[in-house]
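These are my notebook entries from a session spent looking up helix packing, the ligand site and a few backbone details.

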Amino acid sequence: MTEETLSNLLHENRRFEPPAELAAAANVKASAYDDAAADREGFWAAAAERLAWTKKWDRVLDWDNPPFAKWFVGGELNVAYNCVDRHVEAGNGDRVAIHWVGEPADEARDITYADLQAEVSRAANALTSLGIGKGDPVAIYMPMIPEAIFAMLACARIGAPHTVVFGGFSAEALGSRLEDFKAKLVVTSDGGYRRGTASALKPAVDEARQISSRAGHDVGRVLVVRRTGQEVAFDEDVDVWWHDVVDSASPEHTPESFDSEHPLFVMYTSGTTGKPKGILHTTGGYLTQCAFTHWEVFDLKPETDVYWCTADIGWITGHSYIVYGPLANGVTQVLYEGTPDSPERGRWWQIIADKKVTVFYTAPTAIRSFMKQGREIPDRHDMSSLRILGSVGEPINPEAYIWYRLVIGGDRTPVVDTWWQTETGAIMISPLPGVTAGKPGSAMTALPGVSADVVNDEGVPVPHGSGGYLVLTSPWPSMLRTIWGDDQRYIDTYWSRFRDQGFYFAGDGAKKDEDGDLWVLGRVDDVMNVSGHRLSTTEIESALVSHPKVAEAAVVGATDPDTGQAVVAFVILRENAGDGGEGIAKELSDHVRTQIGPIAKPRQIMIVPELPKTRSGKIMRRLLRDVAEKREVGDTTTLADSTIMELISAGQATSTED
Ligand code: PRX
């Protein structure tokens, strides 16, 4: 008998059927699963037909040399033409592409598809005049302003691969990416607005250029958008203002076609150790799957929907589900510059009410922070326009799912929990809002045309009701092609764990429930081993979050003389729970025991004001393990707020129990 790979602890009986009207008019119906199963390549070829190709492919998939895939081999297209011009040519030039909402409450700008065509064409002409052409790497380091999207599309238009570096990253992080990517030019701005104040960006670019230069790579030019008007150092040999070269450029530009496998962009993702990995995405397969999944999973109706994804364009979600997927589908969307709570805590809900947003896509970390504040804040706004809600980035705890559906979605809207990664490029596992009866906390099944499974240590699929490793068993169009400049690292990182089976291993643990539906249980690196049982962090966290006083929880395993590891929990209480009252730790611990069982009962519970998170909102359990094991806290440079660990360490004596 093989040892259990990962325990299945939580059971969920609630179900939400698709609304009848939505189901009847859904873009994708249940038959898609059968169609894709019968002819997977034919299914993706039909999805690719939704785009405009200047030269049709000769072969759908070349998987002759795994794990190096080629999709739509021999095909040619222009991504920017597909995202912009073809909508204008189809007579939709007056449709708003982007409702941009500035953080300062009085700033807003509506950009139609015709405007977008002119802006992208100008930017493409300007980049060309600065010496950027096909194959020249360009870095983009910007706040959430329309010019960031113009810049991305302008690069795509001229075949210059881009890398967008999140505007909250440091000069060091930017510098190492400039060097690795061999960026010839950086597009940036003087600064951006965050919580009402202007913060500078350009100085970090100046410093990053020096860092890159010391490592042996010189960045030639820096194109600077004026956003805040703050003073910036300007080197006339290098720096050039956007308004000088872009605004005066011609709004006409004829797009060239590029090979389906031409590099579109590189997105750096920090590995658990060592230098960031440059995940390469290419042209035809990427755009096909982004556009198709966006239309499928959000049941997008471009004529009537107003879509809003709250991600930053510096992450993959911003690439696939703000820029490439939605624009390829010709949607109207909201782009918001600021944070959810500025100038006041109801800002997001106000925007939904103002713009009549119908489809909303955000992350569990945001949902849980709103749960903490209480429902009075969203309740003040009319959000009856919403019809579909999406979640991405982390497992959504069943209780957070219910809150999202009930408080934000008025108990009408399906919630789609979408699992995917920077590496997958597009959504892989998700319910379909017009087909699937949703289960709170489950990402349900692989989308049509995608094959995922949960396997044990030997790579054998686990039976229903068991946990293991989440793997992808066949290539997919938007898959990463390699790690930029490092094919061997690509093979080692993703394809070596289950080499014999030829599976892509995503790094996540998951379970198949009794119905065979998938539940992502978090990173396998975070799994705890308690008395020989391998417990996932997610299920215990979800049990804690189901307590009415709890908004958010993170659990880790700490060395224990008796059980190998013991569960230690860090908990944020809801605001209306105050300090939780005397005996809160025991109350929560007993709650976990009744929800899951004695095996999962935390040895210690710490009530904390915040949790350490990366800038994209993921909890850094590694640091919490250091606290739980009373070690010095490790590297905190990737934290969104580095003071949080001091707060947590300082509070660690409170609320503990045996
Ligand atoms: O652990 C999974 C988690 O986020 C990881 C991918 O992170 P990143 O590359 O930054 O991309 C985030 C946006 C796609 C995954 O390996 N993750 C993402 N979505 C989910 C999730 N975990 C559970 N459920 C999800 N829906």
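I began with helix H3 (residues 40–48) and helix H10 (residues 284–297), which in this predicted model pack at an angle of about 85° with their axes 9 Å apart. Since angles of 65 to 115 degrees count as roughly perpendicular, I have entered H3 and H10 as roughly perpendicular to each other. On the H3 side I listed Phe43, Trp44, Ala47 and Ala48, and these meet Thr288, Gln289 and Phe292 in H10. Sorted by class, the contact of H3 with H10 holds five nonpolar and two polar residues, and no charged ones.

I then followed H10 to its packing with helix H11 (residues 316–328), where the angle is about 85° and the axes are 8 Å apart. H10 and H11 are therefore also entered as roughly perpendicular to each other. Which residues of H10 meet H11? I found Tyr286, Leu287, Cys290, Ala291, Thr293 and His294 on H10, set against His319, Ser320, Tyr321, Tyr324, Gly325, Pro326 and Ala328 on H11. The residues of this contact divide into eight nonpolar and five polar, with no charged residue.

My next pair was helix H4 (residues 79–92) with helix H5 (residues 113–129), which pack at an angle of about 140° with their axes 9 Å apart. That angle makes H4 oblique to H5, because the label of roughly antiparallel is kept for angles over 145 degrees. I also noted that H4 passes H5 in a left-handed crossing. From H4, the residues Cys83, Val84, Asp85, His87, Val88 and Asn92 meet Tyr113, Ala114, Leu116 and Gln117 of H5. I have the residues of the contact of H4 with H5 down as six nonpolar, three polar and one charged.

Turning to the ligand, I asked how many residues surround it and which are the closest. There are 16 residues around the ligand, and the closest are Asp417, Thr418, Thr422, Asp508 and Arg523. I then looked up individual atom pairs, and for Thr418 a backbone N or O atom lies 2.7 Å from a nitrogen atom of the ligand. For Thr422 the partner is in the side chain, where an N or O atom is 2.6 Å from an oxygen atom of the ligand. I also recorded Glu394, which has a polar backbone atom 3.3 Å from a nitrogen atom of the ligand.

I closed with the backbone. Where is the cis peptide bond that involves Pro67? The bond runs from Pro66 to Pro67 and has omega near 5°, and I placed Pro67 in the loop between strand S1 (59–65) and strand S2 (68–73). A cis peptide bond also joins Ser342 and Pro343, with omega about 0°, and Pro343 lies in the loop between strand S17 (332–336) and helix H12 (347–355). My last entry is Met444, a residue other than glycine whose phi is positive, near 70°, and which sits in the loop between strand S20 (415–417) and strand S21 (452–455).

Technical notes: Residues are numbered from 1 along each chain as its sequence is written. This is a predicted model: local features need pLDDT of at least 70, side-chain atom pairs count only at pLDDT 80 or more; totals for chains, interfaces and linings use all residues. Side-chain values use heavy atoms; hydrogens and water are left out. Axes are lines fitted to C-alpha atoms, for helices over the stretch in contact, and angles run from 0 to 180 degrees between N-to-C directions. Helices (H or I, at least four residues) and strands (E, at least two) are DSSP runs, numbered from the N terminus. Angles under 35 degrees count as roughly parallel, over 145 as roughly antiparallel, 65 to 115 as roughly perpendicular and the rest as oblique. A crossing is left-handed if the near helix is turned anticlockwise from the far one by less than a right angle, and right-handed if clockwise. Contact means heavy atoms within 4.5 Å. Ala, Val, Leu, Ile, Met, Phe, Trp, Tyr, Cys and Pro count as nonpolar, Asp, Glu, Lys and Arg as charged, and the others, Gly among them, as polar. A residue is near a molecule or strand if one of its heavy atoms lies within 4 Å of it. A polar contact is a pair of N or O atoms within 3.5 Å; within protein, one must be able to donate a hydrogen and the other to accept it, and residues adjacent in sequence count only if both atoms are side-chain atoms.
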